[in-house]
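Colleague: I'm new to this one, so could you walk me through it? I'd like to know how each label is earned.

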Amino acid sequence: MAKTGIAPYGAAEHRTAVARGKQTKTAPTAVVRAEYDAVSGNLLLDLHNGAHVALPVSGIHELRGHSPNKLAEVEISPARDGLLWRSIDVGMSVPGLLTD
């Protein structure tokens with residue numbers, strides 16, 4: 001089996017990574033608010049571009065069958081491009097959700 005090496009990570013690579021992170025946080029699909037609405041059964045997202053999106057949880061396989069209390073525990077990833085439910089071990093990409 002071939003050995004793999006770790007790529008060098010210096011100041012230039014760090015600056016590039018920080019710049020990419022800033023771009024992700026301000027992308028049109030970056031999430032600024034996420035919550036589960038138990039009344040409608042929808043996952044509600046407010047995006048950086050001002051859009052408000054309501055996604056029916058019944059159409060999201062990974063979330064179907066979980067209690068409203070668990071679904072309400074949604075967290076936004078630090079890069080604002082993902083959603084996480086720690087208690088049910090589910091994480092998903094927001095751009096992926098929006099394109100499915």
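Colleague: Let's start with β3: which residues are on its covered face and which on its uncovered one?

Modeller: In β3, Val53 and Leu55 make up the covered face, while His52, Ala54 and Pro56 are on the uncovered one. In a regular strand, side chains alternate between the two faces of the sheet. Before we go on: this is a predicted model, where local features need pLDDT of at least 70 and side-chain atom pairs count only at pLDDT 80 or more, while totals for chains, interfaces and linings use all residues. Residues are numbered from 1 along each chain as its sequence is written, and side-chain values use heavy atoms, leaving out hydrogens and water.

Colleague: What makes something a strand or a helix here, and how many of each does the chain have?

Modeller: Both are DSSP runs numbered from the N terminus: H or I over at least four residues for a helix, E over at least two for a strand. By that rule the chain has three helices and six strands, and they follow the pattern α-β-β-β-α-β-β-β-α along the sequence.

Colleague: How do you know which strands pair in the sheet with β3?

Modeller: Two strands pair if DSSP finds at least two bridges between them. β2 and β3 have five bridges, in the antiparallel sense, and β1 is joined to β2 (residues 42-47) by six, also antiparallel. Both pairs pass the rule, and the result is an open sheet in the order β1-β2-β3. β1 (31-37) and β3 (52-56) are its edge strands, as each pairs on one side only. As for partners, Val31 is bridged to Leu47 in β2, and Leu44 stands opposite Ala54 in β3. Between β2 and β3 there is a hairpin with four residues in between, and Gly50 in that turn has a positive phi of about 95°.

Colleague: What makes β4 and β5 count as paired?

Modeller: β4 (residues 75-76) and β5 (residues 82-85) share two bridges in the antiparallel sense, so they just satisfy the minimum of two. Ile76 is opposite Leu83, and Glu75 is opposite Leu84. β5 also pairs with β6 (residues 90-93), antiparallel, through four bridges, with Trp85 and Val90 as one of the partner pairs. That makes a second open sheet, in the order β4-β5-β6.

Colleague: Why is Asp46 called buried?

Modeller: Buried means under 20% relative accessible area, exposed means over 50%, and partly exposed is in between (1.4 Å probe, protein chains only). Asp46 has 13%, so it falls under the 20% limit and counts as buried. Across the chain's 100 residues, 26% count as buried.

Colleague: And why does Arg86 get a label of its own kind?

Modeller: Arg86 is at 59%, so it passes the 50% limit and counts as exposed. Glu75, at 29%, is partly exposed.

Colleague: What makes the link between Glu75 and Arg86 a salt bridge?

Modeller: The rule asks for a side-chain nitrogen of Lys or Arg within 4 Å of a carboxyl oxygen of Asp or Glu. Here the closest N and O atoms are 3.0 Å apart, so the pair qualifies. Glu75 lies in β4 and Arg86 in the loop between β5 and β6, so the salt bridge ties together parts that are eleven residues apart in sequence.

Colleague: How many salt bridges are there by this rule?

Modeller: Three. Arg33 has one with Glu35, at 2.3 Å between the closest N and O atoms, and one with Asp46, at 2.7 Å. Asp46 sits in β2 and Arg33 in β1, so their pair ties together parts 13 residues apart in sequence. Shared partners join Arg33, Glu35 and Asp46 into one network.

Colleague: What makes a group of residues a nonpolar core, and which residues have the most contacts inside the largest one?

Modeller: A core is a set of buried Ala, Val, Leu, Ile, Met, Phe, Trp, Tyr and Cys residues joined through side-chain atoms within 4.5 Å. The largest has 20 residues, with Leu43, Leu45, Leu63, Leu83, Trp85 and Met92 having the most contacts inside it. β1, β2, β3, β5, β6 and α3 (94-99) each give two or more residues to this core.

Colleague: Which residues does Leu45 touch?

Modeller: Contact means heavy atoms within 4.5 Å. Leaving aside neighbours within four places in sequence, Leu45 has contacts including Val31, Val53, Leu55, Leu83 and Val94.
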